[in-house]
Each structure stands twice: as structure tokens, then as C-alpha cells.
There are 2 protein chains.
Amino acid sequence: MPDRVLDRAFFESLDEDDPLAPFRAEFLLPPGKIYLDGNSLGAMPKRAQEIVNITLLQEWGSELIESWNSADWFHLPQRLGDKTAKLIGADAGEVVVTDSVSINLFKVLCAAIKMRQERSVIVMEAGNFPTDAYITQGLVKLLDRGLHIRYVEKDEIMDAIDPDVAVVSLSNVHYKTGHILNMQDITAKAHATGALTIWDLCHSAGAMPVDLNACSADFAVGCTYKYLNGGPGSPAFVYVARRHQEIAEQPLYGWWGHADPFAFEPEYRRGEGISQMLSGTQAVLSLAVLEAGLDIALRADLNDLREKSMRLGDLFIKLVEQCCAQHDFILESPRLSGDRGSQVSISHKQGYAVMQALIARGVIGDFRAPDILRFGFTPLYTQYSDIWDTVEALKSVMDKDEWQQDSFQTRHFVT
Amino acid sequence: MPDRVLDRAFFESLDEDDPLAPFRAEFLLPPGKIYLDGNSLGAMPKRAQEIVNITLLQEWGSELIESWNSADWFHLPQRLGDKTAKLIGADAGEVVVTDSVSINLFKVLCAAIKMRQERSVIVMEAGNFPTDAYITQGLVKLLDRGLHIRYVEKDEIMDAIDPDVAVVSLSNVHYKTGHILNMQDITAKAHATGALTIWDLCHSAGAMPVDLNACSADFAVGCTYKYLNGGPGSPAFVYVARRHQEIAEQPLYGWWGHADPFAFEPEYRRGEGISQMLSGTQAVLSLAVLEAGLDIALRADLNDLREKSMRLGDLFIKLVEQCCAQHDFILESPRLSGDRGSQVSISHKQGYAVMQALIARGVIGDFRAPDILRFGFTPLYTQYSDIWDTVEALKSVMDKDEWQQDSFQTRHFVT
């Protein structure tokens, strides 16, 4: 029995049956383009403009200082944190939205290391998103007390967790390959040896069901501008399991984390629960806008999202192999959809130029050094027919050697 | 010879002659209110809306990921930093706008302490804005190597700077009283004993000329949402004198501070110059909007601002003493305008209720525990006649015992 023929009509039929299809209309999408970079910067929810206008004209412009009370700006980190919690398997009071992923990682690393003072090793995956490693390197140097980072390949993680390990700090989904680490098993292994875990959810929050509490996770951080569509550089989240909140202490003492911020007491007394993860005054406008993206994600069924995401990836891989077999692409992502986040990465020795040529054709993916083309599938607004059109464009770029054009060879920075 | 009679006509005549008067039209101000809380949250520049629309609809909404390049989001911290530099006597390349005051203070504290490793004391002013003390307390505890904070009253600062002192960390203008510390003399004394200085410019940047480089300052931080009108919680700035940039190192290593952020190298290599003060991805929307306020401040003459600010304060004090003599207010700010920032604070044992009654009359100042009423004068949009009307309102509140109304007694938090 032959396989179903893959043609555009088939992809269109999938779009017709897609339960998530209505969400697409809630986003502003550039006409004539296929946007496959939502894993780097999510698209703009149309409601973002409404929120901005309220925050700007009504709150800042008219109510001014009173908005800290009347619009409750002061509790935006907690309110948005409670919404984020529902998307990552956490409870209300376990998450705040604040600062950047880097700063939040510093906070929970400090807290975790202090809870395991007698241990000296931090396990990280080699070659994952560098800022996580950088922050850890900075802290190790600052503390200067014999801590060291054990970088291991993904298949060596379980074996690397031994009784010297204080903290296992990992990305749930690899930023380059999309490979998913098993949060459940790794957390269990860490706990069995007495270590704590920090999970970076940048590439999983909003893209798939994540269940921190079911895994008995300890700490987590993540960004909100990718699959949560919070806007460029929107503030990050930080999770501390309730059972640790009494003892876990972060050192960036700021007045927003104080037990009584408006008493202006001379000595720091940390706030109850997750609020002690706050530090200084937060960027209200960027926080407020993020709510548009969170509210959309909360209305979507994360299982539907995951199913569509896996299918988009599977179809993309199949089509690339069918249409571009002779063009020396290598699949850098796991073939098995269950092991793969919401992206497919393929490499090519002319990867940079190929991506530039694709972008010139209106297909927006991104490039990661040295040779990886990333295609992010964001099930809230990516259509099945986009996959067909993307591979058609890729085929043209390759068949017609479009990537050889001079202007596609010059590198400028890419995020 | 008697003093000039203070009547409304006199204040109106000052408005007519005010060279800064045209700036008022550039701000959105609530009709029927007198806003004297710009020292807490500056008013909204009308251009903020235009910037938001561009950032939202054109950049995020349409150009999406490409805006990191095309709109140069990536260098907003440096570009806005260079603009801020001009307002605080720094050079281009000495300032970036990023993170919060608290986080930036942590960075420069770490850098400064490391540069004076053999010393153990940090001098701070007792009773100044608590977050500065909290951040320092958190770092002292984290480093756990015998550092301690020497809290002193303002008149004891000079004597407290001895050869044990590593860092003198002070607010240029006191958040409660508006008292100005002499940056020139204190910095000179610190340097004479081998200490470094950190200046918190939250209540001076944009309100008066500040000349960091003329004082040979070492480090500074400050917020942008007060006199710089950047919007609620807009990102803060951090200054490192160029002569220290080679050696000063902050520990919050993030990819934005890396020498080559898009190389995704496994090891942190700090960026050149001020860029190493960056850490994680920044809230673009809040950063972008801030430019409206900075651009206005750059067009104003800081000497004109300062002159008007001092005069507004002098007139306010004179009027309160003339109209409310019997009401037991105490002047908490320096009487001498040269020693006073752009605010006047008066205390009253019923301070909280008095401020609530004033707010009910449309005069927006704020309250600081335990008994201080703060009136901030923001020369870009505060009118001389506002001072007259404010004191008239205060007189009514007091003469008619309006503050005794029950609803004014109940405390809710205030920023």
C-alpha cells in the first residue's frame, strides 16, 4: 500500500481540520510571508495594541502614579506568574514574571547552591544556549569556593549525576536541535543522589505541555517572547517549588522582594513565597503587553498544540527529504517527534546563505552558527500549508542555486 | 522695603516669562489635576505613543525578528545610554540602559569590591532608599568574606571614609528629604583614601546638571522613570568611568555582555567597554518608549531646569509658611535651594491623611512613612501657578480639617 501523496491539497485539508486554526486570526502576521521564527520572537497578538493603549494613555498618561494601585501594576509579576504557572504545570504562587532569564537563573542558582553547600558540581549540557553557561561561570567565579561546572553531552547526563553534584541545570529543549531532555527521569535521578534541578523552559513553555510539579521539579526559568508571544525581550519567569520557598534564598535583595516594600525598613526581610524572587522595579509596559500572549495560550489546549507541532515537524522533515534529497541537508533535530521540540533544524555547509535566500523569498527562519537552519513551528499561527510552501521555496533556492547570490553571503548578526 | 506680594498674578507672571514653559505641551497631563509626583513617576511624553505604535505595529508586528537588525533593537541599551550620558556628565560609551537600578547596583558593587579586595567596608547613608541597602546586604551575605556596611548620617560621611573603606555607595539626592550630597567633595575624599564611589542618580538625573566625569566618579546607576519620564518601571542606567572599563568586571555574565554574542561560544568573554555591563535580553518596548523622555530632556537646558526647580521649591516653602503657619508642618528638606533636589518634603503627624485629602482635591503628591508629604517639582511641566494652587489647596485641607474625613485615614500602599 503506497503512502498518501503529499501535495498542497493534502496540507490544505489538514488546515481545514485544524482545531487550532481560529487562533491565527488573533495575531498580526506580515502579509506575503511565512514566519517560522516564533521560536525566537513570537508574533504579535492583536490585543497587544489594546493593552498598550490602556497602559499608556489611561494608566500612565492619565492616572499616573495612582496606577500602581488602581491598575495594580505592583502585582503584575505575581498576576502574570499565576497565569504562566498554568502553562508549565505549576501552582499559583510558584511563579513570578520578572527580569531576564539570565538574572532569574542567577537567582535560582544561588538559592540551589546554598541549599547544597557541601557539594561542588553543577551539571550542564555542553553546547546548549550559552547565556545559561555564562551566568553559571560568572557565579562560580564570584563565589570563588571551588565550585565547578561539569559539561556533558546529552547522553551522558544521567551518568554525570553523582553525589558531588549540587545542581543539575539544563534546558528542557535544546535551542539549536530542538532535542527534548526527559525532565521526569533526570529530575528523579538528581533527587535520588541528593541534587537539585533547574530547568530552563525557554523553548518549551507555550509550545508543549510541561508539568513541573508532576516531575517534582525544584527550580525553573524561562522566557516569554518565544512561544508565549510576549513581545521583544518581554520579562522572563522564575519558578520555585512551594516546598523550597521557605528555605530557598536569592541574593539580589531588592525592595520588590521585601516582606513590606512600602515600610522602607533599613534591613531586608524577604517576602513570603515566590515574591522574594523579585528584586527591583519592573518594566510595566513590557509586562502588561505580555498578558495578551499568555491569555491566548491559556485558551489553547496544550495537547492540541503539541500534536500539531509534532505533525508540522514530521511533515517538514518528510517533505525536505522528498524534495531536496540531492542537496546535502543533514537533519540536526531528532527524527522522532516525541524527542523533538517545536522546531526542526537542518544543517548545510552553505546554511547561512541558504537562509538568506529563503528570507528573500519571504520564508523567515533563522540561522545558528556554524551551519544550522532553524525552522520554528508555532502551532497557534503556523499553517500546514506553510510547510508545503516553505519546502517549495527551499527547493527553488537549492535547485536554482539562488543562495549563491553575493548579497546572501555577507553576514550580519542574527538573533 | 517689603517683600514682593505673593499672589496668583505673580505666579502667572513667572509662567509667562518661563523659558521652559513650551515643554509642558509635549506631555500628556491629567486635566484638572496638579501633578507633583514626577519624582516618583514622570509624566508621559506625547511622543511615547508614536514610538509605541512604531515598535509594536511596524517593528514587532510586521518586521518581526528582522527588527533586531533593521530597528537595531540589539543596541538600544548603548544608544539610549549615549543619550543618557549627555545628561549626567558622562561620555558616549560610558553608560548603558538596562535592567533595574537594583540589578545594576549589584553589578557595579561587585566590580568595585573586586577592585578593592583588600578592604572590607562599604559606606552608605543611613535611612536612604532601602533597595540600595538591601542589594548591598544581599551581596555581603552572598560573598561571606567579612565585608560590612558602615551606615552613617549625612554629616558623618566624610569622616567615615577611612583606609578600610572599599566603596562609598551613596544617593546623590535623598529620596525623602531631597538633600543633595556633594558628589565632588565626597568622591575626592574617597579617592584620597583609596576608595571607589558609586553614585545613585535616581533623584538627580534629568532634574539638575550632574557631572560625573568632572567629579572623577567611578560608577553610577540611576532610574529613568522619574525626571527622565521614561514610563513606569522603564529600564535603569549604569555608568562605568572609561578608565575602569578594562578592569571592572560584573558577575552577571549574560550573552548580551559577551564580546561576540552571536558566536554562541561556550565560554564567556566579556564585551569591550560598557557593553559588558549588559546581561540578558532586554525589554525592548519599555526601552524604546524611554527615548521620548530622553529626547525632551536633551533639548532642555539643564541649568534652566535647575534654576526653575530651585525657584519652585523656594516659592513653595515661602507660601506654605505664609499660608499654613498655624498647622504644624515641619520642613524636612533643606531650606537652602542649593542643597535641595527638585522636591520639597514637609512632615505632619497626620501626613498620610493630609496627602489623601490633597489628592482628593486633585493635587497629586505622595507620602513616605512615617509622616512625610513629598512634593516633586518637575520643571519641564510644573508651572509656577501650580505652586500657588497647591498651597491654596493645602490651606483649605488644613483650615477646613478636610483630612479628618474617614476615607482619608485608611492606608493603602503608595509608591
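Where does P370(B) lie in chain B? Select it and you land in the loop between β14 (366-368) and β15 (372-376) of chain B. Helices and strands on this tour are DSSP runs numbered from the N terminus, helices being H or I runs of at least four residues and strands E runs of at least two.

Before going on, two notes on the ground rules. This is a predicted model, in which local features need pLDDT of at least 70 and side-chain atom pairs count only at pLDDT 80 or more, while totals for chains, interfaces and linings use all residues. Residues are numbered from 1 along each chain as its sequence is written, and chains are lettered from A and ligands numbered from 1 in the order in which they are written.

**Stop 1: the cis prolines**

Stay on P370(B) and show the backbone: a cis peptide bond joins A369(B) and P370(B), with omega about 0 degrees. Now jump to chain A. The bond from A369(A) to P370(A) is cis, with omega near 0 degrees, and P370(A) sits in the loop between β14 (366-368) and β15 (372-376) of chain A.

**Stop 2: the chain A–chain B interface**

Next, colour by chain and pick out the contact residues. Two residues are in contact if their C-beta atoms, placed from the backbone, lie within 7 Å. By that rule, 72 residues of chain A are in contact with 73 residues of chain B. The elements giving two or more residues to chain A's side are α2 (47-63), α3 (67-70), α5 (101-115), α6 (130-143), α9 (284-299) and β14 of chain A. The largest share, 10 residues, comes from α6(A).

What classes of residue make up chain A's side? They divide into 43 nonpolar, 23 polar and 6 charged. Here Ala, Val, Leu, Ile, Met, Phe, Trp, Tyr, Cys and Pro count as nonpolar, Asp, Glu, Lys and Arg as charged, and the others, Gly among them, as polar.

**Stop 3: α2 against α2**

Select residues 47-63 in both chains. α2(A) and α2(B) pack at an angle of about 165 degrees, with their axes 11 Å apart. The axes are lines fitted to C-alpha atoms, for helices over the stretch in contact, and angles run from 0 to 180 degrees between N-to-C directions. α2(A) and α2(B) are therefore roughly antiparallel to each other; angles over 145 degrees earn that label, under 35 count as roughly parallel, 65 to 115 as roughly perpendicular and the rest as oblique.

Show side chains for A48(A), Q49(A), V52(A) and L56(A), which meet A48(B), Q49(B), V52(B) and L56(B). By class, this contact has 6 nonpolar, 2 polar and no charged residues.

**Stop 4: two domains in chain A**

Hide chain B. The domain assignment of chain A gives domain 1 (8-44 + 301-408) and domain 2 (72-299); such bounds come from an automatic or database assignment. Their C-alpha centres lie 29 Å apart. In this chain, 27 residues of domain 1 are in contact with 19 residues of domain 2. On the domain 1 side, α10 (302-323) and β12 (343-347) of chain A each give two or more residues, and α10(A) gives the most, with 5. That side has 9 nonpolar, 12 polar and 6 charged residues.

**Stop 5: α10 and α12**

Keep α10(A) and add α12 (residues 384-399) of chain A. Their axes come within 10 Å and cross at roughly 25 degrees, so α10(A) and α12(A) are roughly parallel to each other. For the contact, select L312(A), L315(A), F316(A), L319(A), V320(A) and C323(A) of α10(A) with Y384(A), I387(A), W388(A), V391(A), L394(A) and K395(A) of α12(A). By class there are 11 nonpolar, no polar and 1 charged residues.

**Stop 6: positive phi**

Go to D328(A), in the loop between α10 and β11 (330-331) of chain A. Its phi is near 60 degrees, a positive value in a residue other than glycine. Then try D401(A), in the segment after α12 of chain A, where phi is near 50 degrees.

Are these two buried or exposed? D328(A) counts as exposed, with 11 C-beta neighbours inside 10 Å, and D401(A) counts as exposed with 10. The cut-offs are 20 or more other C-beta atoms within 10 Å for buried, 12 or fewer for exposed, and partly exposed in between, with C-beta atoms placed from the backbone.

**Stop 7: G206**

Finish at G206(A), in the loop between β8 (196-200) and β9 (219-222) of chain A. G206(A) is buried, with 32 other C-beta atoms within 10 Å. Leaving out residues up to four places away in sequence, G206(A) touches L87(A), Y227(A), L228(A) and A297(A).
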